[in-house]
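Visitor: I am new to this structure and would like to learn how to read it. Could you walk me through it step by step?

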Amino acid sequence: MPQRPGFPARLDSSSTRPAPARKAATPAVNASPRTPEGVSPDSRAVRARMVEKLAAQGVSDARVLHAMGRIERHRFVDTALMNQAYEDTSLPIGLGQTISKPNVVARMIELLLGGRNDAAGKLGRVLEIGTGCGYQAAVLSLVATEVYSIERLRGLHDKARENLRPFRLPNVHLMLGDGMVGYPKGAPYAGIISAAGGLAVPAAWTEQLAVGGRIVAPTVMPNGQQALVVMEKTAREMKQTVLEAVHFVPLKSGIA
Ligand code: SAH
């Protein structure tokens, strides 16, 4: 049986607070009240259970658990799917794309952080390839100083902008473009995270990564299966570690 690690005090205390009639304003993440069917007006308790499960599955970075407990995943999916928003499942977000399972989002962000932080406990600038519905960008905004997120499909780029508006996250920057060429204006990055899997990690990403930075990206292996790859940039080389098998949508070039 996996040990149940302790949870961030802020999550525990928020789940025991009496539920306000209207959603209380939280400083950084303040979405407008909207009560989806099947999700309680105050969905913190449901998220707290999801976070407990993530911890039991091995996610241990308190910053990641805290961020996963804060961001309301149900606001990023269609009404018909809201009931499933806190289950450990990937969900369709339109245009043939999917939002990853919470477990995969948490695991990848934990790998991206790799225990690193600045004085404020945050990672520096992060580039996300594949904004999709904007959920992962929102989670990243709580653990990184700046999040540059790029999406190649205009429909999803616009949807993410809509989804993220009520959260008022000034450190999230959404771009429509081909993430295979990175985003040089925000470089160098402390971390680059991809939500789409390519045949190799594009050279632009390693070039735009700071020394000491990390890339976390699903990549197709010689056997044709995707695996999660972590790359670390040192002053001399790129160190690569291949982790577990994953199933991500393909990384594609160009804008559509
Ligand atoms: N992080 C997203 C997951 C979206 S799925 C979320 O939280 O919802 C992956 C996304 O990557 C898709 O929307 C797909 O259109 C996008 N994508 C694939 N190749 C891309 C590329 N070269 N540049 C930017 N986005 C890309």
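Visitor: How many residues does the protein chain have, and what share of them is buried?
Guide: In this predicted model, the protein chain has 256 residues, and buried residues make up 50% of them. Its exposed surface comes to about 12,100 Å², with carbon and sulfur atoms supplying 54% of that.

Visitor: Which helices and strands should I look for, and how many are there?
Guide: You can trace seven helices and 11 strands along the protein chain. To see how distant parts of the sequence meet, take the contacts between residues at least 6 apart in sequence: 59% of these join residues at least 24 apart.

Visitor: Now the ligand. Which residues come nearest to it?
Guide: There are 27 residues around the ligand, and Gly130, Glu151, Asp178, Gly179 and Lys252 come nearest. Sorted by class, this shell holds 13 nonpolar, nine polar and five charged residues.

Visitor: Which atoms of Asp178 and Gly179 should I look at beside the ligand?
Guide: For Asp178, look at the side chain: an N or O atom there is 2.9 Å from a nitrogen atom of the ligand. For Gly179, look at the backbone, where an N or O atom lies 2.7 Å from a ligand nitrogen atom. Cys133 also uses a backbone N or O atom, 3.1 Å from an oxygen atom of the ligand.

Visitor: How much of the ligand does the protein bury?
Guide: Alone, the ligand would expose 580 Å², and the protein buries 99% of that.

Visitor: Which elements give two or more residues to the shell?
Guide: They are strands E2 (97-99), E3 (123-129), E4 (144-151) and E11 (249-250), together with helix H5 (135-141).

How values were computed:
Residues are numbered from 1 along each chain as its sequence is written. This is a predicted model: local features need pLDDT of at least 70, side-chain atom pairs count only at pLDDT 80 or more; totals for chains, interfaces and linings use all residues. Side-chain values use heavy atoms; hydrogens and water are left out. A residue is near a molecule or strand if one of its heavy atoms lies within 4 Å of it. A polar contact is a pair of N or O atoms within 3.5 Å; within protein, one must be able to donate a hydrogen and the other to accept it, and residues adjacent in sequence count only if both atoms are side-chain atoms. Accessible areas come from the Shrake-Rupley method with a 1.4 Å probe; for residues, only the protein chains shown count as cover. Helices (H or I, at least four residues) and strands (E, at least two) are DSSP runs, numbered from the N terminus. Ala, Val, Leu, Ile, Met, Phe, Trp, Tyr, Cys and Pro count as nonpolar, Asp, Glu, Lys and Arg as charged, and the others, Gly among them, as polar. Buried means under 20% relative accessible area, exposed over 50%, partly exposed in between (1.4 Å probe, protein chains only). Contact means heavy atoms within 4.5 Å.
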